[in-house]
Amino acid sequence: MTTETAPLYGRICLVAGATRGAGRAIAVQLGTAGATVYVTGRTTRENLSEVGRATETIEETAELVTAAGGEGIAVPTDHLDPEQVRALVERIDREHGRLDVLVNDVWGGEHLVGPSFGKKTWELDLADGLRMLELGVRTHAITSHLAVPLLIRNPGGFVVEVTDGTAAYNNTRFRENLYYDLTKNAPIRMAFGLAEELAEYGGTAVAVTPGWLRSEQMLAGFGVTEENWRDATEKLPDFGISESPVYVGRAVAALAADPDRNRWTGQSLSSGQLAKEYGFTDADGSRPDAWGFILAGETGKPDVADYR
């Protein structure tokens, strides 16, 4: 496949929150499909964000995008600062005059989640709870407000709200604590609302969730790497249903390349669901269905092998 025949050749994409995890993988897979991808985040080779991981940077993500066949452009951006986001969008407009795909993946609040599990709203540190909402909701709202006007300049604009959990799962289950629950349900509703607003411009908006994601932080927490991640299943067998970030990256790339993707607009989708629809696999050739496994685990003891 030459560059010109790549499915997303000529498309201009913005992955907001592409330093690591799902955002990085989505950016790389868009690049694999030939897109030009602006990647943003707060951790650079010179500056460290509150996440505290110097091992992943937006410059590295951009290099991976280019190596995959696209063009990666790193732009340090704090998506809580409207002026920084405005400058980012103005740069994309100045350099390309269009935006075809916006992926809202900004988060960076995992360090706040663990200490809050099992605590009531009034027992949580208020500053930590509000910070979750800032990182996972306010950032998405600011970015959409400033980037969508460029996106709708041409018909067919596509917005992806990345979250944790499907609407079917989250709507009937409490997600760990109130602030995290709000933070991860809001993008689902944002996708629904944006789908309504984009319809008259020929645009599409969806929410996409990975399953149990083997992000860099998750692997570090288990003391394993992507090469030996299965060692963690000795202590926690259910980790066998986990998936690499490549899986959700391929899910978003498949949606972006689908000329009929509007059939999904407003919906909440998962990487496992989209793998069945589009026929892609995870990096190891498997096709995990984490949310199917999790649901089955509420009423029985499913075998991981049946959901890979």
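Helices, such as α10 and α11, are DSSP runs of H or I at least four residues long, numbered from the N terminus. With that in hand, the spaces and the helix contacts of this predicted model can be described in turn.

The enclosed space comes first. The count gives 1 cavity of 30 Å³ or more, and the largest cavity has a volume of about 30 Å³. Two helices, α10 and α11, each supply at least two residues of its lining. The residues around this cavity are P210, G211, E243, S270, S271, G272, P288, D289, A290 and W291. By class, the lining of the largest cavity holds 4 nonpolar, 4 polar and 2 charged residues.

The open spaces are next, beginning with the largest pocket, whose volume is about 1200 Å³. A total of 50 residues line this pocket, and W107, E110, D164, Y180 and L213 are the ones that lie nearest its centre. Several helices take part: α1 (21-32), α4 (110-113), α5 (126-151), α7 (178-198), α8 (216-222) and α11 (290-297) are the elements that give two or more residues to the lining of the largest pocket. Sorted by class, the lining of the largest pocket consists of 22 nonpolar, 18 polar and 10 charged residues.

The second largest pocket has a volume of about 360 Å³. Its lining is made of 15 residues, with R24, A25, E216, P245 and V246 lying nearest the centre. Here the elements that give two or more residues are α1, α8 and α9. Helix α1 provides the largest share of this lining, 5 residues. The lining of the second largest pocket divides into 7 nonpolar, 4 polar and 4 charged residues.

The way the helices pack against one another completes the picture. Two packed helices are described by the angle between their axes and the distance between the axes. Which helix does α1, already met at the pockets, pack against at an angle of about 25 degrees? The partner is helix α2 (residues 58-67), and the axes of α1 and α2 are 8 Å apart. Because angles under 35 degrees count as roughly parallel, α1 is roughly parallel to α2. The two helices, α1 and α2, cross in a right-handed manner. On the α1 side the contact is made by R24, A27, V28 and G31, and on the α2 side by E60, T61, L64 and V65. This contact of α1 with α2 contains 4 nonpolar, 2 polar and 2 charged residues. R24 thus appears in two places, in the contact with α2 and among the residues nearest the centre of the second largest pocket.

Helices α5 and α7, which both contribute to the largest pocket, also pack together, at an angle of about 15 degrees and with their axes 9 Å apart. That angle makes α5 roughly parallel to α7, and α5 passes α7 in a right-handed crossing. From α5, the contact involves L126, G129, L130, M132, L133, G136, V137, H140, A141, S144, V148 and L151. These meet Y179, Y180, L182, T183, A186, P187, M190, L194 and L198 of α7. The contact of α5 with α7 has 16 nonpolar and 5 polar residues, and no charged residues. Y180 of α7 takes part in this contact and also lies among the residues nearest the centre of the largest pocket.

What angle do helix α9 (residues 245-257) and helix α10 (residues 271-278) make where they pack? The angle is about 55 degrees, with the axes of α9 and α10 9 Å apart. This makes α9 oblique to α10, and α9 passes α10 in a left-handed crossing. In the contact, Y247, V248, A251, A254 and L255 of α9 meet S271, G272, L274, A275 and Y278 of α10. The contact of α9 with α10 has 8 nonpolar residues, 2 polar residues and no charged residues. S271 and G272 link this contact back to the largest cavity, where both residues belong to the lining.

Technical notes. Residues are numbered from 1 along each chain as its sequence is written. This is a predicted model: local features need pLDDT of at least 70, side-chain atom pairs count only at pLDDT 80 or more; totals for chains, interfaces and linings use all residues. Side-chain values use heavy atoms; hydrogens and water are left out. Axes are lines fitted to C-alpha atoms, for helices over the stretch in contact, and angles run from 0 to 180 degrees between N-to-C directions. Angles under 35 degrees count as roughly parallel, over 145 as roughly antiparallel, 65 to 115 as roughly perpendicular and the rest as oblique. A crossing is left-handed if the near helix is turned anticlockwise from the far one by less than a right angle, and right-handed if clockwise. Contact means heavy atoms within 4.5 Å. Ala, Val, Leu, Ile, Met, Phe, Trp, Tyr, Cys and Pro count as nonpolar, Asp, Glu, Lys and Arg as charged, and the others, Gly among them, as polar. On a 1 Å grid over the protein atoms alone, a cavity is a set of points where a 1.4 Å probe fits but cannot get out, and a pocket is an open set with protein on both sides within 12 Å along at least five of seven lines; lining residues have an atom within 4 Å of a point. Grid points are joined across faces, edges and corners, and a volume is the space filled by probe spheres set on the points.
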